[in-house]
There are 4 protein chains.
Amino acid sequence: MNQGKNIKKKIFNDPVLGFITISDSLILKLIEHPYFQRLKRISQTGLTYYVYPGSTHTRFLHALGATHLMQLTLQVLKQKGVKISKDEERAASVAILLHDIGHGPFSHALESTLMDNIHHESLSITFMNLLNNEYNGELSLALEIFRDKYPRKFFHQLISSQIDLDRLDYLKRDSFFTGVSEGNINSERIITMMNVVHDELVIDEKGIYSIEQYLTSRLFMYWQVYFHKTSVTAEVYLIQALKRAKDLIKDCKKIPSTSTLSYFLNKSDFSQLNAEDIMYFSRLDDTDIITALKDWQFVDDEILKILSQSIIQRKLPFSRISSHPKSDEEIRKLKSKVEEKYNLKDGKYFVHQNKLNIFLYEGKMQAIKLLLKTGEIVKLQDLGNPVFNNESNKYICRYHLCFPRDIL
Amino acid sequence: MNQGKNIKKKIFNDPVLGFITISDSLILKLIEHPYFQRLKRISQTGLTYYVYPGSTHTRFLHALGATHLMQLTLQVLKQKGVKISKDEERAASVAILLHDIGHGPFSHALESTLMDNIHHESLSITFMNLLNNEYNGELSLALEIFRDKYPRKFFHQLISSQIDLDRLDYLKRDSFFTGVSEGNINSERIITMMNVVHDELVIDEKGIYSIEQYLTSRLFMYWQVYFHKTSVTAEVYLIQALKRAKDLIKDCKKIPSTSTLSYFLNKSDFSQLNAEDIMYFSRLDDTDIITALKDWQFVDDEILKILSQSIIQRKLPFSRISSHPKSDEEIRKLKSKVEEKYNLKDGKYFVHQNKLNIFLYEGKMQAIKLLLKTGEIVKLQDLGNPVFNNESNKYICRYHLCFPRDIL
Amino acid sequence: MNQGKNIKKKIFNDPVLGFITISDSLILKLIEHPYFQRLKRISQTGLTYYVYPGSTHTRFLHALGATHLMQLTLQVLKQKGVKISKDEERAASVAILLHDIGHGPFSHALESTLMDNIHHESLSITFMNLLNNEYNGELSLALEIFRDKYPRKFFHQLISSQIDLDRLDYLKRDSFFTGVSEGNINSERIITMMNVVHDELVIDEKGIYSIEQYLTSRLFMYWQVYFHKTSVTAEVYLIQALKRAKDLIKDCKKIPSTSTLSYFLNKSDFSQLNAEDIMYFSRLDDTDIITALKDWQFVDDEILKILSQSIIQRKLPFSRISSHPKSDEEIRKLKSKVEEKYNLKDGKYFVHQNKLNIFLYEGKMQAIKLLLKTGEIVKLQDLGNPVFNNESNKYICRYHLCFPRDIL
Amino acid sequence: MNQGKNIKKKIFNDPVLGFITISDSLILKLIEHPYFQRLKRISQTGLTYYVYPGSTHTRFLHALGATHLMQLTLQVLKQKGVKISKDEERAASVAILLHDIGHGPFSHALESTLMDNIHHESLSITFMNLLNNEYNGELSLALEIFRDKYPRKFFHQLISSQIDLDRLDYLKRDSFFTGVSEGNINSERIITMMNVVHDELVIDEKGIYSIEQYLTSRLFMYWQVYFHKTSVTAEVYLIQALKRAKDLIKDCKKIPSTSTLSYFLNKSDFSQLNAEDIMYFSRLDDTDIITALKDWQFVDDEILKILSQSIIQRKLPFSRISSHPKSDEEIRKLKSKVEEKYNLKDGKYFVHQNKLNIFLYEGKMQAIKLLLKTGEIVKLQDLGNPVFNNESNKYICRYHLCFPRDIL
């Protein structure tokens with residue numbers, strides 16, 4: 001503890017977790033970096049605020065929150081006797097701070113529309129590498145942890161696993177801002193139960209009920225919030241609008257868009273990311289998408305116009321979520337109806353079915369492990385729990401379907 | 001109560017007030033109207049999220065919340081024996097729902113930059129008139145109430161006074177989303193204490209402490225949140241950026257902007273609002289401003305570039321808030337320094353002092369009245385309270401100053 | 001609505017549910033009755049505050065809360081077109097207000113110790129009958145509902161079923177006061193989803209996830225709070241202390257106790273409740289028990305002394321909760337050790353194993369029914385849910401064991 | 001940090017402050033001590049739960065909370081460069097943990113009734129001395145701090161001053177449990193603003209608004225909660241009941257009471273506390289008082305009977321709070337009416353007026369000092385604030401009056 005003078009630090013006021021104090025100089029610099037400031041313009045839950053109007057919080061706040069939880073967790077582990085060096089502490093905090101730095105506007109699905117096959121995690125790595133150069137290698141250990149190359153596995157598990165701090169933050173946070181209070185998880189309690197054995201993350205035995213409650217709350221948040229039919233629908237239409245815009249551009253039609261979005265609509269091959277790609281991506285945020293949709297309400301392509309209006313003016317199509325999918329035949333019929341009704345060649349932009357997959361608990365690849373009082377380590381699914389057993393290790397599937405109301 | 005069938009209604013999930021149920025068909029239609037949907041893209045507290053990153057809630061949610069409080073209040077008043085007709089109930093709810101319908105992006109200050117002297121309340125009236133035409137006069141009574149032309153004054157007082165439901169909602173709401181928990185007011189308790197005598201709004205005697213606590217909490221929110229030096233600074237720079245953009249356009253320079261914002265940057269006389277003005281205004285929201293600032297980071301006008309970068313990348317100038325203003329002479333000197341340092345003709349865009357005014361309690365024009373148990377009605381300031389007396393009926397002033405850090 | 005004069009009403013400030021307004025004159029009188037005021041001295045969660053020190057709330061507050069939820073529920077149902085008369089509304093509210101009026105101090109287990117086989121629900125009926133006489137039959141319909149004799153079943157189901165308002169209040173309330181925030185249920189959402197078909201309580205289809213979340217949260221509260229080994233242990237010792245006291249009195253030993261508790265310690269046959277029994281019971285509350293234990297710390301019976309000290313001074317025995325019971329043989333051995341160590345004839349007061357039973361979901365006797373959008377009514381367990389199926393219709397068992405630490 | 005093994009610690013679940021972790025072995029032992037366990041049976045806000053039924057929390061929880069705040073505060077101060085030794089840290093925590101250890105049941109007023117002139121702080125010192133003996137002098141430094149004999153004043157100021165941690169805990173806590181949410185203070189923010197200069201506690205300049213808000217919230221809590229006329233009335237009657245009981249005993253009447261309470265009712269001179277006094281006091285808690293009142297409902301002294309019934313059955317007399325006292329003459333008349341009506345020699349037990357005094361801010365003896373950015377230290381009242389100036393350094397007075405309803 002530096003006695004005698006005030007250490008530079010910044011305190012953020014988080015309505016969910018309270019005061020978040022950051023005193024590490026590298027982390028402070030990273031927060032001030034334009035790459036990270038961009039996250040202030042990327043909402044955490046995309047179009048979910050169409051259903052839960054309070055849910056306008058950003059990835060910026062989520063990243064700060066997760067970093068705060070990392071600091072708490074490392075304190076807890078150190079108090080339990082786990083040796084953690086200052087370097088590891090900084091690296092783990094940096095890694096969680098930047099885990100979403102490569103996240104684009106709206107959902108992952110949107111990324112794949114705009115940038116083909118690029119996953120946001122690989123973009124995060126790209127950004128971290130750039131920052132690592134800028135800060136003379138100070139992020140090397142953070143990168144190792146993030147990429148799961150560091151031998152002490154638990155650091156990576158805190159960033160990416162079934163009980164990582166990413167989830168512990170966003171589930172609690174999304175519950176808070178949506179007002180879906182019964183999805184509230186007790187991140188603090190779970191953190192208190194964390195422990196490390198052989199450099200692997202485990203949960204103290206008495207935390208078992210908290211883990212179970214956490215897993216069922218997560219499932220609940222999926223059904224009630226993330227997979228809410230209305231926000232899924234809005235997102236589907238958003239993706240269709242961007243696809244239509246790309247198709248129009250391929251056909252040499254001119255449509256308005258911001259200079260940044262324009263770059264992505266006009267380029268199709270992102271298999272080799274270059275410096276220009278990254279520069280443009282670092283400027284892309286929610287406002288580019290919304291600005292485009294607002295303008296596209298008035299273009300003279302009927303398809304793009306309808307899609308954009310239905311999002312901006314919230315005139316959404318019929319939608320439902322069901323355990324049973326419509327057959328291909330039925331989908332084709334719906335498309336025909338649309339084609340006829342709207343006099344279109346292809347109804348594909350308006351009729352959509354997609355699969356919503358969710359694990360209650362994934363026990364095979366990344367089982368949650370419990371540290372019994374006896375010292376023994378047991379997987380959650382091997383404790384004889386009727387719910388979290390080897391059977392629960394499967395996807396729960398639902399099917400989302402949407403199509404224009406006027407073909408009903 | 002229509003027995004036997006389900007009345008159409010919509011339930012909104014508000015993290016602040018809980019479930020908000022709307023069952024009036026007119027109100028439901030107004031909420032779905034694109035004019036009102038626009039409020040989803042207008043943040044309630046502007047750039048305050050630069051200081052309080054959770055504060056990203058919208059005017060849409062605030063308007064719903066205030067409408068909910070109106071419904072509660074009218075129930076309370078009816079239970080106290082105040083006669084309120086179905087028509088009045090609907091009209092009062094519509095009036096509060098739409099009280100901000102003419103609000104532009106960011107603060108009132110921005111409105112005056114973009115549209116000269118137009119106050120958002122007169123824009124709200126314009127919008128309400130348009131909607132009144134669209135809905136065949138169904139908003140006439142709401143308009144009367146909103147414009148304070150209705151003889152039963154308390155309806156207007158619930159929409160605009162020192163204890164109106166606008167404030168009861170936004171103070172509570174802003175406290176919630178900023179995390180400034182000590183600014184929390186108990187809107188529900190104050191509503192419970194409301195009463196009506198001779199068609200004027202009064203507060204039951206035992207509510208006096210709640211009113212006092214409400215007024216001091218409001219003052220606290222001003223110092224801690226609304227007048228926080230950093231968000232005031234960001235807003236000052238935002239206004240300067242727009243002014244600079246207008247000046248450049250006057251000089252026939254070309255700068256990028258959305259089609260909607262372009263309209264306002266290019267037009268200077270709004271003394272007579274026409275249909276086109278309103279149409280464009282109905283499309284203007286936060287994304288137009290942010291998109292422009294993002295692009296302006298790369299224009300070749302040095303002034304606009306710096307202003308835009310400092311906002312988007314959050315590289316804000318030095319700022320302070322003080323009880324004592326700098327003299328005109330001192331301000332001039334600061335400007336000279338900026339002119340020299342940046343080689344500019346005019347430093348006015350970068351050096352700024354402005355006055356922050358706030359009433360603790362405004363006793364003269366719109367005193368809060370208390371209904372004593374004896375039946376007597378007394379003004380708050382006449383109750384011998386050491387704080388809320390006739391002396392408190394004055395502005396508290398502070399002076400905000402900002403200028404580039406590198407001239408220090 | 002009586003216009004023109006203030007209706008007498010009382011507003012209670014509930015930290016959990018907000019303002020609770022009671023304006024029914026009969027209910028106001030019942031709340032003021034000494035029978036009901038007694039519930040202010042009966043804690044809701046017994047000795048749970050030994051583990052969760054905030055959990056000191058009373059059955060008085062719980063009863064008010066449940067009554068508030070009843071008022072909300074009946075509003076919701078009426079808005080959905082269910083016909084409910086003023087008399088039914090009052091009766092349902094009275095019935096839930098008084099559902100615990102016959103509850104004794106601490107747990108149900110204690111009742112059976114002090115009063116043999118009397119269940120608190122039959123005592124509640126006895127008290128309600130007395131009140132019905134006192135108020136000239138005004139409680140008759142409430143009694144009918146409470147005893148499930150009223151043809152419109154849903155009223156009783158709101159008071160006693162798997163989704164009754166008793167549970168909707170106490171689960172939320174106990175989560176709040178214990179600080180076990182992840183057990184928080186959203187009572188308001190569930191109520192919003194309630195409906196009535198053929199006079200039976202059903203849940204609207206879209207409420208299914210809320211119901212599932214509610215059932216798992218309930219289970220969680222059982223493991224984390226109600227069956228917490230420490231509070232179960234304290235309660236077991238409390239029962240043993242009272243048994244020992246009764247045994248000593250049977251042997252004509254004199255031990256101190258309040259006049260009220262004395263009555264119950266000295267009488268053994270409660271098979272026919274008489275007026276005196278009821279009078280004494282109406283005076284019995286937590287303070288009688290605690291006062292006795294405090295005095296019993298200093299009696300000259302070693303067994304009673306140790307039991308009392310271990311509760312009052314919180315020097316609790318070893319305890320554990322396990323899926324597997326100890327065999328009778330092992331229990332006998334533990335008792336022998338105690339007998340030897342403490343030089344006692346019978347170790348039964350100190351060594352205890354008991355079964356903790358809990359349903360995740362009881363689908364056979366009182367299935368939760370869902371109202372599909374198609375109009376069809378389906379039982380929860382018939383919806384193909386992997387968790388809440390016909391298999392979940394069984395007790396989950398754990399075994400609680402406690403014995404003195406010094407025989408380990 | 002002891003690496004490699006689990007340090008013994010205990011985590012308390014506080015609904016107000018979250019998890020409270022105690023790992024100091026001495027503090028853990030003190031918490032387990034019967035003296036401290038007694039605080040579980042002493043409610044924090046006495047009969048306030050007659051008005052706010054959720055307010056049943058105990059001094060046990062408050063003491064833990066204040067200790068938690070001490071731990072937070074010392075971390076903040078150390079991060080600001082204030083040197084604090086391990087011994088000081090433990091001592092400060094022990095001192096705040098035990099600050100109320102000598103508190104009797106119900107209010108301070110009650111103490112003076114039962115034990116004449118003994119203030120609970122001197123009793124706390126007595127208990128701390130006993131514990132200091134028991135733990136071989138380990139509490140010596142804590143005692144020094146508590147008694148303000150330690151040269152580094154700020155430690156004592158954290159325990160007893162206008163911004164001590166006692167208040168920072170109980171104001172927040174009482175706001176939480178009463179549901180008077182607008183009295184909520186942000187203890188965490190104030191702690192973050194604390195600093196130490198020349199071993200004196202100061203507040204960083206930017207904390208000024210938080211301090212003002214804290215002081216007005218405190219005043220609000222006094223009017224709304226602590227001085228609520230109903231709980232003051234209940235307490236006045238409680239004191240009268242005990243006075244009457246003492247008077248009866250002086251007259252050699254026999255009345256029931258617990259053995260512990262009996263000791264205090266029978267003894268009148270406590271000017272020299274002896275070991276027996278302390279032993280009995282260490283057993284005295286709320287249950288002794290309530291048990292006595294319950295029994296006294298049935299004694300044959302009319303005065304004691306009425307007083308006790310009116311408390312236990314909540315049939316409270318008329319009461320009011322006013323800025324202006326009744327004259328002695330008027331009080332005498334009210335007493336005469338009571339004497340006549342009830343056929344009593346002395347109406348003093350039933351008619352009562354007392355003065356309620358509260359400082360908004362006490363600037364003379366213990367001014368709050370602010371540390372300006374310039375390094376200067378200024379008293380709050382010297383900052384030109386219109387509310388907290390030298391004038392506010394005076395008592396605000398109200399007068400509470402109560403008398404039986406049937407003499408109106």
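How far apart do the end C-alpha atoms of residues 55-180 of chain A lie, and what share of the span is helix and what share strand?

**Entry 1, the annotated span.** I am working from a predicted model, and I began with residues 55-180 of chain A, where UniProt places the feature "domain: HD/PDEase", the entry being unreviewed. I found the end C-alpha atoms of this span 10 Å apart, and I noted the span as 67% helix and 0% strand.

**Entry 2, chains A and B superposed.** I then looked up how chain A relates to chain B, and found that chain A can be laid on chain B with an RMSD of 0.0 Å, by a turn of 180 degrees and a shift of 0.0 Å along the axis. The two copies are therefore related as by a two-fold rotation axis. The same surface serves both copies, since 100% of the contact residues of chain A recur in chain B.

**Entry 3, the contact of A with B.** Next I looked at the contact itself, to which chain A gives 33 residues and chain B gives 34 residues. On the side of chain A that touches chain B, I listed the elements that give two or more residues, namely β1 (10-14), α2 (34-37), α3 (59-79), α9 (165-178) and α15 (286-296) of chain A. The largest share of that side, five residues, comes from α15(A). Sorted by class, the side of chain A that touches chain B has 13 nonpolar, 13 polar and seven charged residues.

**Entry 4, the contact of C with D.** I repeated the search for the other two chains, and found 35 residues of chain C in contact with 34 residues of chain D. The elements of chain C that give two or more residues to the side touching chain D are β1 (10-14), α2 (34-37), α3 (59-79), α9 (165-178) and α15 (286-296). Here the largest share, six residues, comes from α15(C). By class, I recorded 13 nonpolar, 13 polar and nine charged residues on the side of chain C that touches chain D.

**Entry 5, a strand pair in chain D.** Last, I turned to chain D, and asked in which sense β1(D) and β2(D) pair, and over how many bridges. Strand β1 (residues 10-14) and strand β2 (residues 18-22) of chain D pair in the antiparallel sense, over five bridges. β1(D) and β2(D) form a hairpin, with three residues between them. Within this pairing I noted Lys10(D), which stands opposite Ile22(D) in β2(D).

How values were computed:
Residues numbered from 1 in each chain as written. Chains lettered and ligands numbered in written order. Predicted model: local features only at pLDDT ≥ 70, side-chain atom pairs only at ≥ 80, totals over all residues. Least-squares fit on C-alpha atoms with pLDDT ≥ 70 in both. Contact = placed C-beta atoms within 7 Å. Helix = DSSP H or I, 4+ residues; strand = E, 2+ residues; numbered from the N terminus. Nonpolar A, V, L, I, M, F, W, Y, C, P; charged D, E, K, R; others polar. Pairing = 2+ DSSP bridges. UniProt positions renumbered as here; feature names shortened; annotations may be inferred.
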